[in-house]
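Me: I should like to learn how the features of a structural model are read. Could we work through one together?

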Amino acid sequence: MSVPRTALPTRPRPRDETAGVRRFWQELGLPGLVDVHTHFMPERVLRKVWAYFDGLGPLTGGIEWPITYRAEEAERAALLRAFGVRAFTSMLYPHKPGMARWLNDWAAGFARRTPDCLHTSTFFPEPGAADYVREAVEDGARVFKAHVQVGGYDPADEALDACWGLLAEAGVPVVVHCGSGPAPGKHTGPEPVARVLARHPRLRLVVAHLGMPEYEDFLDLAERYAEVRLDTTMAFTDFSERMAPFPGRALSRLADLGDRVLLGTDFPNIPYRYAHQLDALAGLGLGEGWLRAVCHDNAARLFGLPDTPGAAPV
Ligand SMILES: [Zn+2]
């Protein structure tokens, strides 16, 4: 399906937007940003996601959600580069059986033509899942995405047990949308992933959106399991704080977990500008050391990025 360019009414961009984002990491003395939660997917799928947000689908919580970075794929990747994002992901996820393998094939191709994208894969509870997860890992997948809300499945489903086991053994991180924001799903919340972690305690599970709105329950899990991490996606922004405010009493726990919090943004599907996520993190007042770790160093270490940007392919 080809969509005319006129279907992409990109919102006017402030002229100094890229300069503002670059100033953020330059002032921290960082070589750039690492964003573990960005969405790239087959064009047809992404258009459907945008249409879903435009139509205020039930999983948006019925909240107005204007997509800020509605642009062609190459333009979106170029913008991340211009922001100074050294490495990003192509989070994608199936909502039904028979889709994951196709998405993984697309994502492998995208990573090949986009060297600063960390090769991303996904899965669904279905026969053969462990096979295509193993193939993806062997093919060089660096990170996986699982979406419990959109997928509507129990992450502790037996059909996924071998997948979690494979990823735990390979040490490949998996970003999981398991919190109940912006709208709860049948299997969202801390309990189902807690059952997964009880069986696979070394799994490098990255709780997306800081587990919003069940922030404290997911902090519990991160404190209990040394390999559990949290991504900041949409957390602390004005948009999320209105909907699901982070409890101030938990801020010190977030400070203590500073080596396991990773910058994520949900670019391009965000209802505000990229810099707002960064400013929201800075506004927590947890200090420059915390920001350096969260916005770059933790993910650089997790994914083994070279110390000097440009020295070697990501
Ligand atoms: Zn996302």
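Me: In which sense, parallel or antiparallel, do strand 2 (residues 85-89) and strand 3 pair, and over how many bridges?

Reply: The general idea is that strands of a sheet pair through backbone hydrogen bonds, either parallel or antiparallel. In this predicted model, strand 2 and strand 3 pair in the parallel sense, over two bridges. Thr-89 has Leu-118 of strand 3 as its bridge partner.

Me: What is the order of the strands in the open sheet, and why is one side of strand 1 and of strand 3 left without a neighbour?

Reply: The open sheet has three strands in the order 1-2-3, with parallel pairing. Strand 1 (33-34) and strand 3 (117-118) stand at the edges with a single partner strand each, so one side of each has no neighbour in the sheet.

Me: Which residues does the UniProt domain annotation cover?

Reply: According to the unreviewed UniProt entry, the annotation "domain: Amidohydrolase-related" covers residues 34-305. In the model, the span is 44% helix and 10% strand, and its end C-alpha atoms lie 10 Å apart.

Me: How should the packing of helix 1 and helix 12 be read, and at what angle do their axes cross?

Reply: The axes of helix 1 (residues 17-27) and helix 12 (residues 274-282) come within 10 Å and cross at roughly 25°. Angles under 35 degrees count as roughly parallel, and the two helices are therefore roughly parallel to each other. The crossing of helix 1 past helix 12 is left-handed. Helix 1 contributes Glu-17, Gly-20, Val-21 and Phe-24 to the contact, and helix 12 contributes Tyr-274, Ala-275 and Leu-278. By class, this contact of helix 1 with helix 12 has five nonpolar residues, one polar and one charged.

Me: Which residues make the contact between helix 8 and helix 9?

Reply: Helix 8 (residues 190-199) and helix 9 (residues 215-224) pack at about 10°, with their axes 10 Å apart; they are therefore roughly parallel to each other. Pro-190, Ala-194 and Leu-197 of helix 8 meet Asp-217, Phe-218 and Leu-221 of helix 9. The residues of this contact comprise five nonpolar, no polar and one charged.

Me: Where is the backbone unusual by the general rule?

Reply: Most residues other than glycine have a negative phi, and most peptide bonds are trans. Here, the bond from Gly-181 to Pro-182 is cis, with omega near -5°, and Pro-182 lies in the loop between strand 6 (174-177) and helix 8. Phe-267 and Pro-268 are also joined by a cis peptide bond, with omega about 5°; Pro-268 is in the loop between strand 9 (261-262) and helix 12. His-209, although not a glycine, has a positive phi of about 60°.

Note on methods:
Residues numbered from 1 in each chain as written. Predicted model: local features only at pLDDT ≥ 70, side-chain atom pairs only at ≥ 80, totals over all residues. Pairing = 2+ DSSP bridges. Helix = DSSP H or I, 4+ residues; strand = E, 2+ residues; numbered from the N terminus. UniProt positions renumbered as here; feature names shortened; annotations may be inferred. Axes fitted to C-alpha atoms, helices over the stretch in contact; angles between N-to-C directions. Parallel < 35°, antiparallel > 145°, perpendicular 65-115°, else oblique. Left-handed = near helix turned anticlockwise from the far one by under 90°. Contact = placed C-beta atoms within 7 Å. Nonpolar A, V, L, I, M, F, W, Y, C, P; charged D, E, K, R; others polar.
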